[in-house]
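Work through the exercises below with the sequence and the model open side by side. Each task is followed by a solution that goes step by step.

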Amino acid sequence: EDAWQFLPIRALNAKEDLAKSIVEDPKGRLWVGTQGAGLFRISADRSGIRHYNAEKTPGLQNNLVKGLTFGPHGNLWVATDGGGLSIFDLDKETVKHVGYDPYDPQSVASDATYALFKDNEGLVWVGTFDGGVSIFNPNHKAFHHIGRSLVTGKGLNHRSVLSFLEDKHGDIWIGTDGGGLNSWTPGSGHF
């Protein structure tokens, strides 16, 4: 028996079939973010596919999906390039959009969100293009930011963040686009 199964995800053309991020929800459904065709939900038995994009309701703000993670309350967080964050309530099938607000210092740092990660403390880390890192604390319902200090020059060595990993010691590793790898020790408050 063949161990491989091919599930074509086609929306408009081959370019948009690029699967950028995949997560599995508690019901066994796969969520697949693509580079231009939005988001797909594949049923647990792999027999059905539902498509979410910027043209449908509930939908996304942008079809360029860069990252997926499950955040507070089991909601699916979707990072998009140019549309900020789309947060899906899986039970209600509703979407909340969270974007950059230049007048709100507690908003996400950029609408170009490239990476998502939930740490062991339940904080959601958002990697942005040219905005550094925004960290959402569900207790405060706000983002705070880590980046590079303009005064001291210390901190994150590049403002475009592509990936995260939490190691067994609780340190957060941050992959950047041009600055290599950074390590953040949460208790110390510095890199």
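**Exercise 1.** Decide whether arginine 46 is buried, partly exposed or exposed, and say what sign its phi has.

Solution. Arginine 46 counts as partly exposed, because its relative accessibility is 24%, where buried means under 20% relative accessible area, exposed over 50%, and partly exposed in between, with a 1.4 Å probe and protein chains only. As a next step, place the residue: arginine 46 sits in the loop between strand S3 (39-42) and strand S4 (49-52), strands being DSSP runs of E with at least two residues, numbered from the N terminus. Its phi is positive, about 65 degrees, although arginine 46 is not a glycine. Most residues other than glycine have a negative phi.

The model is predicted, so local features need pLDDT of at least 70 and side-chain atom pairs count only at pLDDT 80 or more, while totals for chains, interfaces and linings use all residues. Residues are numbered from 1 along each chain as its sequence is written, and side-chain values use heavy atoms, with hydrogens and water left out.

**Exercise 2.** Find where histidine 73 lies, and decide whether it is buried or exposed.

Solution. Histidine 73 belongs to the loop between strand S5 (65-70) and strand S6 (76-80). With 76% relative accessibility, histidine 73 counts as exposed. Its phi, near 65 degrees, is again a positive value in a residue other than glycine.

**Exercise 3.** Describe which backbone atoms the side chain of asparagine 62 reaches, and which residues distant in sequence it contacts.

Solution. Begin with the setting: asparagine 62 is in the loop between S4 and S5, and it is buried, with a relative accessible area of 19%. A polar atom of its side chain lies 2.7 Å from the backbone nitrogen of leucine 64, and the side chain also reaches the backbone oxygen of aspartate 81 at 3.0 Å. Finally, leaving aside neighbours within four places in sequence, asparagine 62 is in contact (heavy atoms within 4.5 Å) with Ala54, Thr80, Asp81, Gly82 and Gly83.

**Exercise 4.** Work out the strand order of the open sheet of four strands, and identify which strands stand at its edges.

Solution. The order is S9-S10-S11-S12, with antiparallel pairing, where two strands pair if DSSP finds at least two bridges between them. Strand S9 (113-118) and strand S12 (142-146) stand at the edges, each with a single partner strand, so one side of each has no neighbour in the sheet. Within this sheet, four bridges join strand S10 (residues 124-128) to strand S11 (residues 133-137), and glycine 127 has valine 133 as its bridge partner in S11.

**Exercise 5.** Which element gives the most to the lining of the largest pocket, and which residues lie nearest the pocket's centre?

Solution. S8 gives the most, with five residues. The lining comprises 18 residues, of which Trp77, Ile87, Lys96, Phe136 and Lys141 lie nearest the centre. The elements that give two or more residues are strand S7 (84-89), strand S8 (94-98) and S12. On a 1 Å grid over the protein atoms alone, a pocket is an open set of points where a 1.4 Å probe fits, with protein on both sides within 12 Å along at least five of seven lines, and lining residues have an atom within 4 Å of a point.

Conventions:
A polar contact is a pair of N or O atoms within 3.5 Å; within protein, one must be able to donate a hydrogen and the other to accept it, and residues adjacent in sequence count only if both atoms are side-chain atoms.
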